[in-house]
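This report walks through a predicted model. The surroundings of the ligand come at the start, and the strands, sheets and core follow.

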Amino acid sequence: MTIEIRDGTVDDLEDHAKLREQGYALDPRGRRSWMESYRSAGLAERMLGAYEKGRLIGRLSIMPFGQFFGGRPVPAGGIGAVVVAPEYRSRGIGTALLDASVKRMRDRGEVVSPLGPATMWVYRKCGWEIAGDQSVRVVPTVDLDRLDFGPYHERPATERDHDAIRKLYINAALARPGMLARPAWMWDEHLRAEPHRYVYVVEDKGRLVGYAVYKQVKDRGPTGYSLLLEDLAAESWDAESVLWRHLGAHQAQAREVRVHGLPLDALALHLPEQRIRIIWDHRWMLRVIDAPRAIAARGYPLGLTLSVPLTLDDPRGSWHSGHWVLDVHDGKGELGRGTGGGPTISITGLAALYSGYASARTLFAAGLLGEATAEQIAVLDAAFSGPRPAMNDDF
Ligand SMILES: CC(C)(COP(=O)(O)OP(=O)(O)OC[C@H]1O[C@@H](n2cnc3c(N)ncnc32)[C@H](O)[C@@H]1OP(=O)(O)O)[C@@H](O)C(=O)NCCC(=O)NCCS
């Protein structure tokens, strides 16, 4: 079997769309709009296809965007819709596509790569590791309806609010590792007018201080609907609580709000009972594509100065393997070639450490970080730990 892997063009969109539909049992009636969204976002050229005798038998997409780590947007290539035709599975085609994607991203300067995995083995084999939370949680509307009325009153958003909404999101995302620096096409999807999708904003003296995007989904039989919270960001609890109360006001029709990926830390400190439930326990994965540039691109705690030798093991990335020295000072990081000694870390362990998902202590316990002293473990934790990484985008 001779497999050719090549970049996509707009002429390949329909073949990719059909394979994607087969991979996820998607409704073909969505094909035209998927193709149009890819064409208009310039994503057709970001597809990779595996061909045998001219027939498309495997595909994936590499979406260019940023991902916030340490308060800075890191150039990223998000892997989407990896599908191999069923009759060609377990023959190494998924692996070959992922290896090719790593090469493309490295050439283009996309230094990390997140993805939302339906299955993990093929990604872990190719260097991706669990790196942040993407669970779905539900919050009872009756509890939200009991929150105090804040000083504000929400109103429906108009298109004139969109710039301010984007700024509110970025301010919130800067403080949360893993959130995406969304390109225009992704924002278009978030804010596109759709039946039963609502965007509400909170204003303070003419300035937006909070927004929420949610859908009412009729999936609960003859009465009632489900509430799906897609996006929420606010500058203060006063602004955030108005938005949660707004969702609570749906309690006659919706028993719960379903929240995908968004952390609920502030809300949990105000709810009367511990009744947030995880209904889908899920994490996203990350690969470090170019370690020196990824280390230089993210931010670090101010006032921290450290230097640790590291030996990196990347069986599928020869450019990574060998000795390095990690230096952090004035909120900046540098990974330069070293001469040996210090802890050893696998490329998968580095992904989980880099995002802040796994502590160096956990990686040591899991065998992904070796030969580390207690001091080196503490120093690595000081550099990379922070708020729990999250992400509320699908791609
Ligand atoms: C996931 C998918 C893309 C993998 O593609 P593939 O071409 O079958 O993958 P590969 O043949 O490269 O397999 C990768 C490795 O995992 C191994 N593997 C396969 N199934 C496994 C399992 N259940 N557990 C552990 N390892 C497994 C393979 O043997 C291979 O390892 P090897 O090279 O050491 O033998 C393919 O199964 C698919 O299209 N699934 C449907 C769509 C989907 O869910 N995509 C994922 C979206 S995130």
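## Surroundings of the ligand

In this predicted model, the residues of the shell around the ligand divide into eight nonpolar, six polar and three charged. The shell comprises 17 residues, of which R89, G94, T95, A118 and W121 are the closest to the ligand. Two or more residues of this shell are given by each of the elements β4 (72-84), α3 (93-108) and α4 (121-125).

## Strand β4 and its hairpin

Strand β4, one of the contributors to the ligand shell, has 10 of its 13 residues buried, so it is largely enclosed by the rest of the structure. Its pairing with strand β3 (residues 55-69) is antiparallel and extends over 11 bridges, with G58 standing opposite V84 in β4. The two strands β3 and β4 form a hairpin with two residues between them, and in the turn G70 has a positive phi of about 60°.

## The seven-stranded sheet

An open sheet of seven strands, with mixed pairing, follows the order β8-β10-β11-β12-β13-β7-β14. Its edge strands, each pairing on one side only, are β8 (155-156) and β14 (277-280). Within the sheet, strand β7 (residues 136-140) runs antiparallel to strand β13 (residues 256-260), and five bridges join them; V138 has R258 in β13 as its bridge partner. Helix α8 (residues 237-248) packs on this sheet, where it touches β10 (197-204), β11 (207-217), β12 (226-234) and β13, and its direction makes about 20° with that of β11.

## The five-stranded sheet

A further open sheet, also of mixed pairing, consists of five strands in the order β18-β17-β16-β19-β20, and its edge strands, pairing on one side only, are β18 (332-337) and β20 (369-370). Strand β16 (residues 306-313) and strand β19 (residues 344-346) run parallel and are joined by three bridges, with T344 in β19 as the bridge partner of T311.

Two helices pack on this sheet. Helix α11 (residues 347-355) touches β16, β19 and β20, its direction making about 90° with that of β19, whereas helix α13 (residues 374-384) touches β16 and β17 (322-329), its direction making about 95° with that of β16.

## The nonpolar core

In soluble globular proteins, nonpolar side chains tend to be buried together. Here the largest nonpolar core has 105 residues, and those with the most contacts inside it are L229, V288, A294, L350, A351 and L353. Neighbours within four places in sequence left aside, L229 is in contact with A212, Y214, L247, V257, R258, V259 and L262; among these contacts, R258 is also the bridge partner of V138.

Note on methods. Residues are numbered from 1 along each chain as its sequence is written. This is a predicted model: local features need pLDDT of at least 70, side-chain atom pairs count only at pLDDT 80 or more; totals for chains, interfaces and linings use all residues. A residue is near a molecule or strand if its C-beta atom, placed from the backbone, lies within 6 Å of it. Helices (H or I, at least four residues) and strands (E, at least two) are DSSP runs, numbered from the N terminus. Ala, Val, Leu, Ile, Met, Phe, Trp, Tyr, Cys and Pro count as nonpolar, Asp, Glu, Lys and Arg as charged, and the others, Gly among them, as polar. A residue is buried if 20 or more other C-beta atoms lie within 10 Å of its own, exposed if 12 or fewer, and partly exposed in between; C-beta atoms are placed from the backbone. Two strands pair if DSSP finds at least two bridges between them. A nonpolar core is a set of buried Ala, Val, Leu, Ile, Met, Phe, Trp, Tyr and Cys residues joined through C-beta atoms within 7 Å. Two residues are in contact if their C-beta atoms, placed from the backbone, lie within 7 Å. Axes are lines fitted to C-alpha atoms, for helices over the stretch in contact, and angles run from 0 to 180 degrees between N-to-C directions.
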